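This report follows the contacts that hold a chain together, from a metal site to the charged pairs between distant segments. Please keep the sequence and the coordinates at hand while reading.

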Amino acid sequence: MARQFHLYNSLSRETETVEPLHDGHLQFYSCGPTVYSYAHIGNFRSFLTADLIFRTAKSIGWEVTYATNITDVGHLTDDDLTGTTGEDRMVQALQSKEGERFANIWDLARYYTLVLQEDWRSLNLLEPTVRPRASEHMREQIKAIEQLLKSGHAYETSNTIYFSVPSFPAYGRLSGNEAAEDLEQGVRDVVHDPEKQDPRDFALWKKDDSHLMQWHSPWGWGFPGWHLECSVMAQTYLGDEIDIHAGGEDLIFPHHECEIAQTECLTGKTFARKWVHTRFLQVEGKKMSKSAGNFYTVRDLVLPESEGGRGIDPLAVRMTLLSGHYRKPFNFTFETLKTNVRHRQRFDDVVALAESGLENGENGQNELSGSLTALFERTLSAMLDDLNTPEALAATFEATKLVLKHEHLSKDSAASVIRWLDNTNDLLGIVYPHAPLKTESGDESFAAEVDALVAARTQAREADDFTRADELRDELTSLGVEVMDTPDGPKWKRRSTLS
Ligand code: AMP
Ligand code: ZN
């Protein structure tokens, strides 16, 4: 029987069944970070929701095209503050003390993009199908603006191209901010562009030949408005209509509202069928902020103490983030983190017990298969029920407890445990540290080398040459590879380390 995947849709304000437009193939977009600094654990709470949608859809056999962007273009976060640089986070970062070490703003963007990807891997988020950069999609953004101007959904003033909100009557449906007066309130205090026709209109292009990041356009030098990149990148990689669009709750308005307006005016079709938003993370009961002393980047927690971090197992951080449901406000505390360090240790204990069972256990009884299958089923059902991570985790904790009641495992029980570990890792990413550094297909020579070593080890074991077999295992370990002996023969995974 086909499994059903339910998610809460912020647009309909109801929990709905996900039914991919293309049978069994989900098209999914999630808003990525602005690369002006190190990502914090709040950012990663939102990215994790996207990772879990990706993993859960794959676990029920769907193909998923998952796109998540890198915002590496400086944007004014408020359209009305024309000409001031103060609101551009990338420019601000370059001008700050930390910015001094970068050659220029492109160098800064490149550095924080690399760091983001390292943090991504350390918290075991899977690589998306495509990770497009805003700076590499300028042509598409300019073309979209030309099209919107032509169809009367945009207009040009002396310093800006604006999207005309009254030209799209559905504006405000996602956020509930439908009345122009609601918005007037918000913009009254800032410098107003007198050429703007409606207070809700937002910038598609800023004409500015003094900005640090600028591109040539039919309207002279300048840069795009901050909503446009997601519209064009989603369209480029996923098509006019997508199944799910995700992001943090702060993006509902104005970002996602504006994305809908732009895309639907460009295509005449419904942009995203479901909208998924993650509630904000707080730390120790307060909004995370540098001045309150409760601001944590991923690196603050997971880097070794010698490098200024706290040396916490990244997967314990991941489990802590999973311990709250994405639609409820989440309070990150060091107490919960400590508890999850212990839970994480239990997974390592289970892995060690299963490996030793496979290696040294007797053939015979399998006491665990039935219970582990049922517990994994509970985990999967919880994830299919609007990503109920607290319940999914609870089932995995029950399973580790059950396995660790045994001092030894038979070979068959150990094989069932490994299967359960693999399935749990595929779905929740909490068992084996670090996803592969490179996509499997991109690294064939490495795979061939490892395959040859694994085959040599199997031969040595068959010839009872355990010294040689152990040497080969050590060699594989030094390559960062972990070998697991399963009833279907040896399998290997790469364990990368965070540098
Ligand atoms: P930014 O780099 O500011 O564009 O943010 C990247 C993502 O992180 C967006 O989806 C934000 O909504 C999300 N985000 C920012 N702060 C938090 C937080 N405290 N809790 C959860 N998500 C957040
Ligand atoms: Zn976006």
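## A buried asparagine in helix 10

A polar contact is a pair of N or O atoms within 3.5 Å, where, within protein, one atom must be able to donate a hydrogen and the other to accept it. In this predicted model, the side chain of Asn340 places a polar atom 2.9 Å from the backbone oxygen of Thr336, and that distance lies within the 3.5 Å cut-off.

Asn340 belongs to helix 10, which covers residues 334–360. Because buried means under 20% relative accessible area, Asn340, at 3%, counts as buried. When its neighbours within four places in sequence are left aside, the residues in contact with Asn340 are Ala316, Met319, Thr320 and Phe397.

## The zinc site

Which residues coordinate the zinc ion (ligand 2)? The donors come from Cys31 (SG), Cys230 (SG) and His255 (NE2), at 2.1 to 2.2 Å, and along the chain they follow the spacing C-x198-C-x24-H. Cys31 lies in the loop between strand 3 (25–30) and helix 1 (41–59), whereas Cys230 lies in helix 6 (residues 228–238), so this pair ties together parts that are 199 residues apart in sequence.

The two cysteines are both assigned to the buried class: Cys31 has a relative accessibility of 6%, and Cys230 has a relative accessible area of 2%.

## Domain 1 against domain 2

The chain is divided into domain 1 (21–278), domain 2 (283–443) and domain 3 (447–494). Taken over C-alpha atoms, the centres of domain 1 and domain 2 are separated by 33 Å. Contact between these two domains involves 27 residues of domain 1 and 39 residues of domain 2, and together the two domains bury about 2,700 Å², of which 66% is on carbon and sulfur atoms. Ile41, Arg45 and Asn124 supply 27% of the area that domain 1 buries against domain 2, more than any other three residues.

The polar side of this interface can be described by counts as well as by an individual pair. Between domain 1 and domain 2 there are three salt bridges, and 14 residue pairs are in polar contact, with both residues at pLDDT 80 or more. On the side of domain 1 that touches domain 2, helix 1, helix 3 (105–122) and strand 11 (272–278) each supply at least two residues, and the largest share, twelve residues, comes from helix 1. As for an individual charged pair, Asp51 forms a salt bridge with Arg318, with the closest N and O atoms 2.8 Å apart.

## Salt bridges across the sequence

How many salt bridges does the model contain? The count comes to 25, and several of the pairs join segments that are well separated along the chain, as the following cases show. Glu377 and Arg3 meet through their side chains at 3.0 Å, N to O; Glu377 lies in helix 11 (residues 369–384) and Arg3 in the segment before strand 1 (6–9), so the pair ties together parts that are 374 residues apart in sequence. Glu377 is partly exposed at 34% relative accessibility, and Arg3 is likewise partly exposed, with a relative accessible area of 31%.

A second pair is formed by Glu16 and Lys274, whose side chains meet in a salt bridge at 2.7 Å, N to O. This pair links distant parts of the chain, with Glu16 in strand 2 (residues 14–17) and Lys274 in strand 11, 258 residues apart. Lys274 counts as buried, at 9% relative accessibility.

## Charged groups on helix 10 and a salt-bridge network

The side chains of Arg344 and Asp313 meet in a salt bridge at 3.0 Å, N to O. Arg344 lies in helix 10, while Asp313 lies in the loop between helix 8 (298–302) and helix 9 (314–322), so the pair ties together parts that are 31 residues apart in sequence. The two partners fall into separate accessibility classes: Arg344 is buried, at 2% relative accessibility, whereas Asp313 is partly exposed, at 27%.

Beyond isolated pairs, Glu359, Arg457, Arg461, Arg473 and Asp485 are linked in a network of salt bridges.

How values were computed. Residues are numbered from 1 along each chain as its sequence is written. Chains are lettered from A and ligands numbered from 1 in the order in which they are written. This is a predicted model: local features need pLDDT of at least 70, side-chain atom pairs count only at pLDDT 80 or more; totals for chains, interfaces and linings use all residues. Side-chain values use heavy atoms; hydrogens and water are left out. Donors are N, O and S atoms within 2.8 Å of the metal (3.2 Å for Na, K and Ca); water is not among the atoms, so sites may look incomplete. Helices (H or I, at least four residues) and strands (E, at least two) are DSSP runs, numbered from the N terminus. Buried means under 20% relative accessible area, exposed over 50%, partly exposed in between (1.4 Å probe, protein chains only). Domain bounds come from an automatic or database domain assignment. Contact means heavy atoms within 4.5 Å. Buried area is the accessible area (1.4 Å probe) that two parts lose on being put together, summed over both. A salt bridge is a side-chain nitrogen of Lys or Arg within 4 Å of a carboxyl oxygen of Asp or Glu.
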